[in-house]
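Visitor: I have a structure to look at and some questions about it. Could you walk me through a few places?

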Amino acid sequence: MSESNTFRITRRHFLGTVAGGIALMAAGPSFAQSKTLQVLSHRVHQTSLGEGDKDLLAAWKQEHDTDVVFTTLDSNPLMDRLFREASLAQTDFSVGYMVDNRPTSDNAKLFESLQEYQDKDPIEAFDDIAAGLVRGMTIDGRLIGIPVRTATQGLFYNEELLAEAGFDAPPTTLEELVAQTIAISEHGKATGMILASDLAVFPVMFARAFGGDFINGDFELLPDPAAMQTALTVMADMFQKGALPRSYATNKGEELLTWMQQGRAAFSVLPFARAAQLNDPAVSNYAGKIKAIGFPISETLKGKVEMSAVVEAWAMTIPANAVDKDLAWQFIKEVSSKKNTLGMALNGNGPARVSTFLEPELTAKNALAEIESQVLANARGAFPPFAEAARAQQIFIEEVQLAVLGRKSPQDAVASMQARIQPLLPA
Amino acid sequence: MRVERILVNAGKTLAVLLLLVWSLFPIVFIITSSFKPGREIFAVPPQWFFAPTFDHYITLWQRWAVFFHGLLNSTIVTIGAAALAVMASTCAGYVYSRYSSRWLGASLLSLIAIRLIPPIVVTLPLFPIVNNLGLADTHFILSVLYATFFVSLGTVLMRTFIDQIPRELDEAASMDGATLPVVLWRIIMPLAAPGIIAVAVFVVVFAWNEFLFAFIFTSTKAKTAPLVISEMIGSIEGVDWGVLFAASTIQLLPVLIFVMLMNRYLVAGLTAGATKG
Amino acid sequence: MAQLKLSGVKKDFGGVEVIKGVELDIEDGEFVVFVGPSGCGKSTLLRLIAGLEEISGGTLEIDGKVSNDVPSRDRGIAMVFQSYALYPHLTVAENMGFSLSLRKTPKAEIDKSVLQAATILKLEHLLDRKPSQLSGGQRQRVAIGRAIVREPSIFLFDEPLSNLDAALRMETRTEIAKLHRDLAATMIYVTHDQVEAMTLADKIVVLKGGVVQQVGAPMELYRNPCNAFVAGFIGSPRMNLLKVDVTSVEDGKVRLAQPGFEHLVVPSGRVSGPGKALLGVRPQALTLNPGPHQVSGTVTLVERMGPETVISIRQADGSPLLAVLPGDVELALDANVSFSFADTDVRLFPASDLEN
């Protein structure tokens, strides 16, 4: 039976496109299940589930007589495609992975509310999934996504470069961090810190270290303008003293890893999961010497409030126009299980479940798991999703750059942010 | 005078050298980097001498099998697009060359005008249509779209070439017993070969590297190599540069070789019309 | 081999009529030459017969069958173009065998036919060359060879010799004439050169402004041109047309008022009453011997060719006149000279012949 099905599918493709048929024959039909679940995701989501005999879903596929076909795209194209698919009359994709800064009120309406599914056929220990992440996927009171992957920002440092400049321990406050970066730059072997100027993450982290923020969860712009001003003053000072590279204005997100691997900078802010690549002897000159801690809070706030680092999370959604929503929920439920969350974590996925970080299997493999879980506990997105978020971020970055490069006073930059970004926020 | 001439020559040489460095550097960088051990790719100062390694290619093969499937798709789509564009441009170019009327003139103008519309404007409304027709994620739709985009330029180019083929040749052939398709196939196409090659090169380079249409209209079955490469660049786990450069090298080479092989005809083709044959 | 019949054939290009109703019969095996000045429509008429242009009105019959809408390839016609139109990417042999290869003739047969035609045209040693490697004369012969291989019932030639130099032109002309004898096919030949027309044609068709002026055997046209245009066009150098005043027309005879022509009595032809007329005298009909009818003037040019001498004079009223005298004649420039001619050597045309 499965044979004839395979044949029929092959032939349909053949009719769809003559050339396509040739390719398909060359590639060979790789499935023999009677049902197919189409998933739209980033490749990372696919690989973290394992392939071949390490396939975490092998048993589930067997049980549900279903094959899972992933269509993978890079993050931004993926989101564009997901929303476009969801706006069609019908889509072949039953599950779509969504990053937490994209579900605006309008976008969220295109996706199935998952609470009903959860009530009927609940995910194992749902409360274990970080509450902040679940809140991030609850738009206008509707839960539209089940968090599945996190990337929490940590402070990475190069032990050897610190030691050479006379520091035998990483900083415990933001002020210490600044002092260390300046000292390391003065020492002359490396730049104190490498940050990318094209992402909001970094100034947001600095602002939060002083108790401020860019836009908080209640859509308040600059809830503490003085804190943002202080953050910009500190960053401008670092730039002026050479603790940030001269090339700051052109440094991009992709470069951070290389700078750290090459030992050109002593500190950077990166997701905890990057520890593996930073310490891989094949690509890193400082394998085993690059460590991570939570980004430190200012000494004035230390012990009073917890630092809230930036986290980016992905969640699994079901487009409202999907064909097989029940099967999609079965898939989401299976992927979200404790067992699979651990399995994915062992494959390098940042877990969404708090308990997973404490699994001995993971802590044995990943020394940072415990630190990461602590940071994640207080982490939240860089800013909440809204229609004009991309433009708001662009203006923010622009003003930050001007302030850091010393072309505008931090005060003016903050005032300008307020004036320019406020009109973009949802009413 | 003499000194001046030497200076001018030196200036020219320098300009050519700069141009060469400017255009070749990225290619050389990508290719050499793909053979460098990971740690040395971005070493400062750059490492000019290194022990070449095939590790990145091996990793690419093991971890990104989908890339090779993408290459196969790219090849099918590219050949399809080139064949379609060449056929359509030759036929249309023939009509514009051999017949004239007010409507034909207007239609040629509209062909060119359509080309001025940004592709993205066309793609978005097409998306639901293509989906409803069941053509999404097929090589066919990509080939057709790529060909469509070059038919206007191709037609104008082919018309220029066909204009240079004396009309008497068509007439002689039709007196010799050839029907119109035979005239096109046996007389026009061989004589317009440089034009056909020029059109083919344009389409091949475009189709091989195209991202936007492929991104919008494919999922898995017809997914082309540039999409896979974009996933490597934007990977949310951090970029594995060595593997990315290995993939870029593999992606680059076929077109580079094709263009180099066709270069002779291409130059002849693009300058045709400047002097009468 | 075929007969052609054109009845009221018309052609207009965007409202401009270039062929204005041609009636013409061409017999099987005849060699017909279309002749006329450039723009007279002779090439267009040929292209209508070839099927390269659509006929706007009237009918074209080939062997009794109306063929207006028959495509070129089915008319049994081969054409030799002025530009030769050889396929540049094919060898001489491939060019010549092209029509047969389209008919899916077996290779051996094509080779045989090509070789046969090549032998006739002395092209055997050039069969593997490309047209670009050939001289103009060789290309011309390949073009003819290509037509021969087709074994058409009608050959069309469109000014085939105009791109050749004088010596080659004469040689090729002879070859075409021989070809016509050997193949006995119907041939239609377009030229603006009346010498080619005279030497090749069984029948000449003189065209002007899309209208057939006269159809006839070369000598018939030479001797009895029906109007001043044909008279001027056929014969070399061209016939002198003297402006004369007709005083009376009686019994088909005309009397003229011009001094020197008082005693001349000529057949009236198409002249019906007193008034302006043209008197045609061939340059060869003039002689220095005294006679009753005289034309005179001052010598402006003497061209001594050896066997004959061409003398240009300017008459008293300023109009030019040409005389061709046998042998070598010495005449001084600006000398006054008088020529006489016989009654029987002149033709009278209405003055309106040269209008429009």
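Visitor: Where does Val305(A) sit in chain A?
Guide: This is a predicted model. Look in chain A, where strand S9 covers 290–293 and strand S10 covers 311–317. Val305(A) falls in the loop between S9 and S10.

Visitor: Is Val305(A) buried, partly exposed or exposed?
Guide: Buried means under 20% relative accessible area, and exposed means over 50%. Val305(A) has a relative accessible area of 43%, so it counts as partly exposed.

Visitor: How far apart in space are Val305(A) and Asp218(A)?
Guide: In sequence, 87 residues separate Val305(A) and Asp218(A). In space, C-alpha to C-alpha, the distance is 19 Å.

Visitor: What is the sign of phi in Phe219(A), positive or negative?
Guide: Most residues other than glycine have a negative phi. Phe219(A) is not a glycine, and its phi is near 60°. Phe219(A) lies in the loop between helix H11 (201–209) and helix H12 (225–240) of chain A. The sign of its phi is positive.

Visitor: Is Lys122(C) buried or exposed?
Guide: Lys122(C) lies in the loop between helix H3 (107–120) and helix H4 (136–149) of chain C. Its phi is also notable: about 55°, a positive value in a residue that is not a glycine. The cut-off for exposed is over 50%. Lys122(C) has a relative accessible area of 53%, so it is exposed.

Visitor: Is the peptide bond from Ser236(C) to Pro237(C) cis or trans?
Guide: Most peptide bonds are trans. Pro237(C) is in the loop between helix H8 (228–233) and strand S11 (240–250) of chain C. Omega of the bond from Ser236(C) is near -10°, and the bond is cis.

Visitor: How much area is buried between chain B and chain A?
Guide: The contact takes 38 residues from chain B and 41 residues from chain A. Carbon and sulfur atoms give 59% of the buried area. The total is about 3,200 Å².

Visitor: Which residues of chain B lose the most area to chain A?
Guide: Three residues of chain B together make up 23% of what that side buries. They are Arg39(B), Phe215(B) and Ile236(B).

Visitor: How many salt bridges are there between chain B and chain A?
Guide: Polar contacts are present, with 9 residue pairs between chain B and chain A. On the side of chain B that touches chain A, 6 residues are charged, 13 polar and 19 nonpolar. The count of salt bridges between the two chains is 0.

Technical notes
Residues numbered from 1 in each chain as written. Chains lettered and ligands numbered in written order. Predicted model: local features only at pLDDT ≥ 70, side-chain atom pairs only at ≥ 80, totals over all residues. Heavy atoms only, no water. Contact = heavy atoms within 4.5 Å. Buried area = accessible area lost by both parts, 1.4 Å probe. Salt bridge = Lys/Arg side-chain N within 4 Å of Asp/Glu carboxyl O. Polar contact = N/O pair within 3.5 Å; in protein donor to acceptor, adjacent residues only side chain to side chain. Nonpolar A, V, L, I, M, F, W, Y, C, P; charged D, E, K, R; others polar. Helix = DSSP H or I, 4+ residues; strand = E, 2+ residues; numbered from the N terminus. Buried < 20%, exposed > 50% of the residue type's maximum accessible area, 1.4 Å probe, protein only.
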